[in-house]
Amino acid sequence: MDRLYIFDTTLRDGEQVPGCQLNTVEKIQVAKQLELLGVDVIEAGFPISSPGDYNSVIEISKAVTWPTICALTRAVEKDIDVAVEALRFAKHKRIHTGIGTSDPHIKYKFNSTREEIIERAVAAVKYARRFVDDVEFYAEDAGRTENEYLARVVEAVIKAGATVVNIPDTTGYCLPAEYGAKIKYLAEHVDGIDRAIISTHCHNDLGMATANTMSGVINGARQVEVTINGIGERAGNTSLEEVAMILKCHKHLGIETNINTTKIYPTSRMVSSLMNMPVQPNKAIVGKNAFAHSSGIHQDGVLKNVQTYEIIDPHDVGIDDNSIVLTARSGRAALKNRLAVLGVKLDSDKLDKVYEDFLRLADKKKDMNDDDILVLAGVDRTANHRIKMDYLQVTSGVGVKPVASLGLNIAGEHFEACACGNGPVDAAIKALKKIVNRQMTLREFTIQAISRGSDDMGKVHMQVEYDNQVYYGFGANTDIIAASVEAYIDCINKFK
Ligand code: KIV
Ligand code: ZN
């Protein structure tokens, strides 16, 4: 098997997405998760671009041991000096320097000539090599750079000491065959190419980032630059999870990575939640529907043998076994199977009754999830919880200050507290925090009605951060304030 190096740029190219910026603590959290996932290189930032990026590179260098930490620069000495300083604590360090090589970049960005660009590229690589042994060169907009000229640039930078040569399709323009042919051309025409690793870096403007990356790999690239969930500038970058699973599914390619694929889904959730960037439901590998079979025929096939409609075992990417989406078209057997997965066994009469209710609700509601099923089955999710709600009373209205009084049962002991708040939920949560006195922060809070009537159940999903970890909680109640407190308590019950 040939080894393919995974270069993750979630914290640099991915983090350039407007509104997705992370603070240093959050970046460290992601970097540690990337280390667990098994990436080879973490591009931690562009140190000269901001004090935030500079500090993040320093802190990530301290927090992470195994992967190489990479810092981006332009082909400018000052950028390289700052990157060297930011990387001073990294156990394994790399400088990623480069310059635009396509005619539009040379003419409009640099008002320069092809020969001068080669000189600047060589000077930058030589300068970076004075400080670190591992220097990656990027030929920005290589996708639209003529192959013959690109080969001259790549040959010159390898001679100057580049250890990795990155061939970005910066604008996401190339066709897979064209991008693959470009990599093949370099592999065959550059003198000294065996002294460097060729890297792909593909953007997804035409939806071809993963296809282009794979075409590059098949034609000789041995590093891929990717992001979690494919986030990145404009339409994003190549998704790490897609490349890792393609190679796992197509072993005949003879190429392997160091990725522990069972960490893919938790990493995807972490990045999505920290960056407030939802993953599209039909996103390959990590989307909510990626393993969800909803038609009756598919469900029947999957229940008989998963190989009928599944090419990936969801467990391989860290997803629990909940691949059947229950809809109004699902049979009684599918409901029984889901209840069994959730640990609920019902006798035949009770199952008939739950199935009737299920069909009624599924008719009104397209997307039935595990929480809905548990509520319909009348399961008390809190039966084994350490903390339970004894009572909740809330006074609120127009022109009065909301007040909540709350009673909790904690491991058999009763506690009470009262609090005012900006709204009834705020008052109830403040009362809860008076009893459970820990440093907790509410990160996400969503309320949904199970169906659409005003007399129906409300569902609350919450994320609470405690001790640098995010916990997910759920509550369902006809009283939306009680559902919110239940969801918060659900989070607390999961604290380690
Ligand atoms: O897309 C691109 O060209 C880049 C380079 C800076 C590597 O992100
Ligand atoms: Zn990029």
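## Close-up views of a predicted model

**Figure 1. The shell around ligand 1, sorted by residue class.** By class, two nonpolar, five polar and three charged residues make up the shell around ligand 1. Please keep in mind through all the views that this is a predicted model. If you would like to pick the shell residues out by name, they are Arg12, Asp13, His96, Tyr138, Glu140, Asn166, Pro168, Thr170, His201 and His203.

**Figure 2. Polar partners of ligand 1.** Here we zoom in on three side chains. Arg12 has a side-chain N or O atom 2.9 Å from an oxygen atom of ligand 1. For Asp13, a polar side-chain atom sits 3.1 Å from a ligand 1 oxygen. The side chain of Thr170 brings an N or O atom to 2.7 Å from an oxygen atom of ligand 1. How much of ligand 1 does the protein bury? On its own, ligand 1 exposes 260 Å², and the protein buries 92% of that area. Strands are worth a look in this view too: β6 (135-140) and β7 (164-169) are the elements that give two or more residues to the shell around ligand 1.

**Figure 3. The zinc ion and its protein donors.** Which residues donate to the zinc ion (ligand 2)? The protein donors are Asp13, through OD, and His201 and His203, each through NE2, at 2.0 to 2.1 Å from the ion. Read along the chain, the donors follow the spacing D-x187-H-x1-H. Asp13 belongs to the loop between β2 (5-8) and α1 (24-37), while His203 belongs to the loop between β8 (197-202) and α8 (209-218), so this pair ties together parts that lie 190 residues apart in sequence. Both Asp13 and His203 are buried. The three zinc donors Asp13, His201 and His203 will look familiar from the first view, as they are also among the residues around ligand 1.

**Figure 4. Asn166 and its surroundings.** Now we move to a single residue of the ligand 1 shell. Asn166 lies in strand β7. Is Asn166 buried or exposed? Its relative accessible area is 1%, which is under the 20% cut-off for burial, so Asn166 counts as buried. The side chains of Asn166 and Glu225 are joined by a polar contact of 3.2 Å. Setting aside neighbours within four places in sequence, Asn166 is in contact with His96, Glu136, Phe137, Tyr138, Ala139, Ser199, Thr200, His201 and Glu225.

**Figure 5. Val30 in helix α1.** Val30 has its place in helix α1. With a relative accessibility of 2%, Val30 is counted as buried. Which residues does Val30 touch, once those up to four places away in sequence are left out? They are Leu11, Leu22, Met270, Val271 and Leu274. For a sense of scale, Val30 and Lys433 are 403 residues apart in sequence, and their C-alpha atoms are 28 Å apart in space.

**Figure 6. Stepping back to the whole chain.** To place the close-ups, here is the full chain, with 16 helices and 16 strands. Along its principal axes, the C-alpha trace spans about 75 × 50 × 35 Å. Of its 496 residues, 51% count as buried. Among contacts with a separation of 6 or more, 64% come from residues 24 or more positions apart. The accessible surface of the chain is about 22600 Å², and carbon and sulfur atoms account for 50% of it.

Terms used
Residues numbered from 1 in each chain as written. Chains lettered and ligands numbered in written order. Predicted model: local features only at pLDDT ≥ 70, side-chain atom pairs only at ≥ 80, totals over all residues. Heavy atoms only, no water. Donors = N, O, S within 2.8 Å, 3.2 Å for Na, K, Ca; no water. Helix = DSSP H or I, 4+ residues; strand = E, 2+ residues; numbered from the N terminus. Buried < 20%, exposed > 50% of the residue type's maximum accessible area, 1.4 Å probe, protein only. Near = heavy atom within 4 Å. Polar contact = N/O pair within 3.5 Å; in protein donor to acceptor, adjacent residues only side chain to side chain. Areas by Shrake-Rupley, 256 points an atom, 1.4 Å probe, with all protein chains shown as cover. Nonpolar A, V, L, I, M, F, W, Y, C, P; charged D, E, K, R; others polar. Contact = heavy atoms within 4.5 Å.
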